[in-house]
Amino acid sequence: MNHYSGIDLLDLDSQLTDDERQVRATVREWVDRDAMPEVVPAFEDARFPANLVPQLAGLGIFGAHLEGYGCAGVGPVAYGLMMEELERADSGFRSFASVQSSLAMTAIYDFGSEEQRQRYLPDMAAGTLLGAFGLTEADHGSDPGGMETYAVRVDGGYRINGSKYWITNASIAGIVVLWAKLDDVIRGFIVDTSLPGVTTMEIHNKLSMRMSVTGGLTFQDVLVTDDALLEKTKGLRSALQCLNSARYSIVWGVNGAAADCLHTTIEYTKEREQFGKPLASFQLVQQKLADMAAELSRSQLLALQLGRLKEQGKLHWSHVSLAKFSNTQSALDIARTCRDLLGAAGITTDLSPMRHSMNLETVNTYEGTRHMHQLILGRHLTGFNSI
Ligand SMILES: Cc1cc2nc3c(=O)[nH]c(=O)nc-3n(C[C@H](O)[C@H](O)[C@H](O)COP(=O)(O)OP(=O)(O)OC[C@H]3O[C@@H](n4cnc5c(N)ncnc54)[C@H](O)[C@@H]3O)c2cc1C
């Protein structure tokens, strides 16, 4: 078993509480012992290791940031550290946990009635009920406001028609938090995926997030009862509120992927000799390692500061946009540079950087692409909507 002790050049550990360090140690140990051995076979087979779901639940990861309803109720930094450890193994793990927790459970927690919270959250925290978050459609990605899925009122409930695409957990979820227009306003609905008229499909030819399930959902005259509506949802901003919670987990998660790449590459370049010397002794190699360590340190500082702001109730969406695109880009750059330093060995699944790099392509795109977050930050800085 690989005893990973982290890359922490700035001694950020000293800024963590004992509880936060303990949470990280527990998840880190599980990742090294139970998750790491599953990652490569699952990635190669494009298969989600569902056997690990009960263990993830046992670690308290699902809805860890929520209070009550069987959730662990840890603080934002501890939650971030959990995400960082999961993504150190593979972005597919963090993605799975983050869709369950930050998107589906958060939507029900923030916008659901007490009855809806009681009905769904304990099972979701226990991992016996899986959730998906259906916002994107095939023709509406960066512009979800243009969605065509709609609901109409009928006796005792709503009839829903439309389809969603690129949805994580689509074919394994028992419920989907579905965003649809009702009287031209985007609202959230909790839809049981076993209802008549709901069909799911899986996207099989992905080169990225291969161990995460991604697919589509179609809704044809699906009848849901009144209590499917998340009453407190009020337009696209409600969906974006959930996305901000998931983006926060990305800000931390990608540092785990980057740290794993850097750790792997430092170890490899110390062992691998060319021209009679270890690669790690060449100036050009050390320059790259130093640049990557500096980049990772900046991303770690950013994540920790966001966590502390969140604790104090001061986290603004502009902070999340800044850190989502910036930390993801840094992690992607680090993964690509590490792959380069590994030479031919770096193109296989024997070493992690290319796998992380392929995964991070998705992280760069989903939950708002890099461009979208730059535009959001640009508007915040200038007051102008871009043209
Ligand atoms: C593996 C995976 C899992 C996903 N899981 C989910 C999920 O669980 N739930 C969900 O709802 N969605 C999910 N998504 C969808 C994801 O959120 C969308 O892919 C993302 O929002 C981008 O939309 P798009 O792919 O349609 O790209 P597009 O919107 O078509 O964008 C293509 C390119 O054009 C750029 N672009 C678009 N508009 C502008 C503009 N105005 N100015 C400048 N550049 C622009 C983009 O930045 C991008 O580079 C997932 C995607 C993937 C790949």
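# A walk through the predicted model

In strand 7, Gly215 is the bridge partner of Ile167. That pair is a good place to enter this structure, which is a predicted model. Ile167 and Gly215 belong to a wider pairing: strand 3 and strand 7 (residues 214-225) run antiparallel and share nine bridges.

Strand 3 also pairs with strand 2. Strand 2 covers residues 150-154 and strand 3 covers residues 157-168. Five bridges join these two strands, again in the antiparallel sense. Look for Ala151, which stands opposite Ile160 in strand 3. Strand 2 and strand 3 form a hairpin with two residues between the strands. In this hairpin, Gly156 takes a positive phi near 80°.

Step back to the whole chain. The protein chain is divided into domain 1 (12-125), domain 2 (131-234) and domain 3 (237-382). The centres of domain 2 and domain 3, taken over C-alpha atoms, are separated by 30 Å. The two domains still touch: 12 residues of domain 2 are in contact with 10 residues of domain 3. On the domain 2 side of this contact, seven residues are nonpolar, four are polar and one is charged.

Now find the ligand. Where does it lie with respect to domain 2 and domain 3? It lies between them, because both domains give residues to the shell around it. In total, 19 residues surround the ligand. The closest are Leu135, Gly141, Ser142, Thr369 and His371. Strand 1 (131-134), strand 3, helix 9 (353-365) and helix 10 (370-382) each supply at least two residues of the shell. Strand 3 gives the largest share, three residues. By class, the shell has eight nonpolar, 10 polar and one charged residues.

Next comes the interior. Nonpolar side chains tend to be buried together in soluble globular proteins. Here the largest nonpolar core has 104 residues. Met82, Ala104, Phe189, Val191 and Ala258 have the most contacts inside this core. Helix 6 (residues 236-271) contributes the largest share of the core, 15 residues.

Phe189 leads back to the strands. Leaving aside neighbours within four places in sequence, the contacts of Phe189 include Ala151 and Ile160, the two residues that stand opposite each other in strand 2 and strand 3. Tyr158, Leu178, Ala180 and Val224 are also among the contacts of Phe189. So are Ala228, Leu229 and Leu230.

Turn to helix 8 (residues 317-341), where Ala323 is found. Is Ala323 buried or exposed? Ala323 counts as buried because it has 23 C-beta neighbours inside 10 Å, and 20 or more are needed. Beyond the neighbours within four places in sequence, Ala323 is in contact with Val251, Leu302, Ala303 and Leu306. Ala151 and Ala323 are 172 residues apart along the chain. Their C-alpha atoms are separated by 35 Å.

Two loop residues complete the tour. Met209 lies in the loop between strand 6 (198-202) and strand 7. Met209 is not a glycine, yet its phi is positive, at about 50°. With 25 other C-beta atoms within 10 Å, Met209 is buried. Glu367 lies in the loop between helix 9 and helix 10. Glu367 has a positive phi of about 60° and is not a glycine. Glu367 counts as buried because it has 24 C-beta neighbours inside 10 Å.

Notes:
Residues numbered from 1 in each chain as written. Predicted model: local features only at pLDDT ≥ 70, side-chain atom pairs only at ≥ 80, totals over all residues. Pairing = 2+ DSSP bridges. Helix = DSSP H or I, 4+ residues; strand = E, 2+ residues; numbered from the N terminus. Core = buried A, V, L, I, M, F, W, Y, C linked by C-beta atoms within 7 Å. Buried ≥ 20, exposed ≤ 12 C-beta atoms within 10 Å, placed from the backbone. Contact = placed C-beta atoms within 7 Å. Near = placed C-beta within 6 Å. Nonpolar A, V, L, I, M, F, W, Y, C, P; charged D, E, K, R; others polar. Domains from an automatic or database assignment.
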